[in-house]
Amino acid sequence: MTKVDILILGAGPAGMSAAIEARRHGASVLLLDENAAPGGQVHRAAKPDAVGPGAAQSREGAALMAALRASGAGLHSGAVLWAIEPGPRAFVLQDHAVHEVDAGRVILASGATERALPIPGWTLPGVMGVGAAQILLKSADLRPRGRVWIAGQGPLIWLYAAQALARGGEIAGIVDMSRITPHALLRLPRALTAPGYLLRGLAWMRAVRQRVPVFRTRDVAAEGDGSLERVRIAGQSQAADTLLLHDGVVPNTQVTRAIQGCEHRWNAAQRAWEPVLDDWGNTSIPGILVAGDGGGIGGAAAASLSGRIAALEAVRALGHLGAAQRDALAAPLMRRRRAELAPRGFLDALFVPLPMPVDEVTLCRCEEVTAGSVRAAAGLGCLGTNQLKAFTRAGMGLCQGRICGPLLHATLAEARGVPGGDVDPLRTRFPTKPLSLGELATLAPSASAASASGKG
């Protein structure tokens with residue numbers, strides 16, 4: 001068993017910043033990440049000499065990674081946290097073996113997951129998420145080739161398109177499904193108090209529009225016999241080899257929802273569930289904190305700041321800092337975080353999640369459950385997504401609801417005619433990630449040995 005002052009899950013902006021800050025105040029730190037290297041989605045393969053769209057963010061990520069290496073924090077890549085018990089005690093899978101970690105504090109920096117966009121034909125081979133395409137671009141320099149279309153809404157579609165084009169990629173067209181509403185415009189003045197993020201987004205859009213045709217409609221479908229062949233846009237078919245979809249991101253709450261007693265709330269602006277946190281990142285469970293987009297979508301800069309704030313609270317709780325010292329160090333970080341979050345209301349109102357599709361479209365790909373089946377279940381009296389499992393098996397496949405969960409929730413709320421907060425989210429249970437019985441058996445080799453010798 002490993003013992004450490006602070007265990008951190010996720011080596012993205014929030015997790016790396018938390019580790020660096022905690023080490024600065026003398027705490028022992030173990031940082032876990034499923035990927036082969038730190039960085040998360042935002043800082044994946046970040047380079048100190050990056051140029052082009054997103055270069056400033058890449059350079060920031062490279063600097064953060066260098067600071068992490070110099071901090072002395074323990075980093076375990078390829079490690080999967082699959083359970084947390086009171087203590088807190090964590091169970092981690094690495095190299096096909098399970099390890100226990102006792103920690104004074106746990107900081108969960110699990111980040112965000114891409115919200116799926118279920119249009120007709122989205123299950124065809126050749127259709128994938130923009131987030132996945134960006135991973136391939138950053139980690140393997142896999143550039144889009146051929147007749148590649150992008151459909152959806154949100155800043156990521158413009159950033160990815162700008163990055164892909166700058167690297168010599170090919171994009172046939174973009175279908176912008178967003179709509180500017182009076183509700184969004186009312187929030188623009190506050191967003192302009194911190195205009196940097198908006199200006200970067202406008203620069204990406206300008207660079208892309210100079211080279212790629214843009215269509216504004218929500219009438220989009222993927223078509224083909226066995227694989228993608230065409231994209232239908234407002235009734236007109238366009239030849240296509242690849243279609244990339246995106247409808248924003250949601251907090252990754254797979255672990256927090258599995259922790260018994262950890263309270264969550266419905267964020268009506270972002271149309272997503274998030275853990276209930278105080279200003280420091282404390283959850284309702286003693287010893288467990290959340291930092292970054294896993295506690296509510298705010299972007300990379302806000303995530304980095306929240307990681308540092310959570311670390312200051314953790315080292316205070318462990319006796320490395322007094323409350324007055326913590327408050328003095330955190331005050332400027334909290335001010336900067338508020339400034340970074342200023343555009344959030346405008347962005348949330350501008351990119352409201354798109355409506356759920358017609359009945360024939362599949363929502364749960366693992367169990368092949370359609371939107372019509374979910375609506376029919378609501379008509380029969382189904383009240384929540386957990387009850388929906390009994391009606392349809394939706395959310396019971398290999399992904400454990402990570403992809404379809406928000407879609408099932410939105411469709412059920414729509415069918416019942418109630419706010420999203422009135423429909424419970426999918427309940428998750430440990431282990432939150434699959435592991436084999438052989439891997440689980442490595443957890444207690446001493447107990448197995450005692451049993452074999454007749455002492456158990």
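1. A good place to start is Leu-124, which sits in the loop between strand E7 (112–114) and E8. This is a predicted model, and in it Leu-124 counts as buried, because its relative accessibility is 15% and the cut-off for buried is under 20%.

2. What does Leu-124 touch, leaving aside its neighbours within four places in sequence? The contacts are Ala-222, Glu-223, Gly-224, Gly-226, Ser-227 and Leu-228. Two of these names are worth keeping in mind for the sheet described next: strand E12 covers residues 220–223, and Ala-222 and Glu-223 are among the contacts of Leu-124. As for Glu-170, Leu-124 is 46 residues from it in sequence and 21 Å from it in space, taken C-alpha to C-alpha.

3. Now to the sheet itself. Three strands make up an open, antiparallel sheet, with the order E12-E13-E14. Its edges are strand E12 (220–223) and strand E14 (236–239), each of which pairs on one side only. From one strand to the next, the twist averages 25°. In general, strands of a sheet pair through backbone hydrogen bonds, either parallel or antiparallel.

4. If you would like to check the register, look at strand E13 (residues 230–233), which is joined to E14 by four bridges, the two running antiparallel. Which residue of E14 stands opposite Arg-230? That residue is Ala-239.

5. Arg-230 also has a part in the charged groups. A network of salt bridges links Glu-223, Glu-229, Arg-230 and Arg-232. Glu-223 appears here again, having been listed among the contacts of Leu-124. Across the whole structure, a search finds 21 salt bridges.

6. I would also look at the pair Arg-145 and Glu-170, a salt bridge whose closest N and O atoms are 3.9 Å apart. Arg-145 lies in the loop between helix H3 (130–140) and strand E9 (148–153), and Glu-170 in the loop between helix H4 (155–166) and strand E10 (173–176), so the pair ties together parts that are 25 residues apart in sequence. The 3.9 Å separation qualifies because the cut-off for a salt bridge is within 4 Å. Both partners are partly exposed: Arg-145 has a relative accessible area of 46%, and Glu-170 comes in at 36%.

7. Another salt bridge joins the side chains of Asp-141 and Arg-143, at 2.7 Å from N to O. Are these residues buried, partly exposed or exposed? Asp-141 counts as partly exposed at 34% relative accessibility, and Arg-143 is partly exposed too, with a relative accessible area of 30%.

8. Glu-274 and Arg-265 make a pair with contrasting surroundings. Their side chains meet in a salt bridge of 3.3 Å, N to O. Glu-274 counts as buried at 7% relative accessibility, whereas Arg-265 is partly exposed at 39%.

9. Finally, have a look at the nonpolar surface patch formed by Met-128, Leu-136 and Leu-142, which together have about 230 Å² of accessible area. Met-128 belongs to strand E8 (residues 127–129), the strand that follows the loop holding Leu-124. With a relative accessible area of 32%, Met-128 is partly exposed; it can belong to the patch because patches take residues with over 30% relative accessible area and no salt bridge.

How values were computed: Residues are numbered from 1 along each chain as its sequence is written. This is a predicted model: local features need pLDDT of at least 70, side-chain atom pairs count only at pLDDT 80 or more; totals for chains, interfaces and linings use all residues. Side-chain values use heavy atoms; hydrogens and water are left out. Patches are made of residues with over 30% relative accessible area and no salt bridge: like charges are joined within 9 Å, nonpolar side chains (Val, Leu, Ile, Met, Phe, Trp, Tyr) within 5 Å. Accessible areas come from the Shrake-Rupley method with a 1.4 Å probe; for residues, only the protein chains shown count as cover. Buried means under 20% relative accessible area, exposed over 50%, partly exposed in between (1.4 Å probe, protein chains only). Contact means heavy atoms within 4.5 Å. Two strands pair if DSSP finds at least two bridges between them. Axes are lines fitted to C-alpha atoms, for helices over the stretch in contact, and angles run from 0 to 180 degrees between N-to-C directions.
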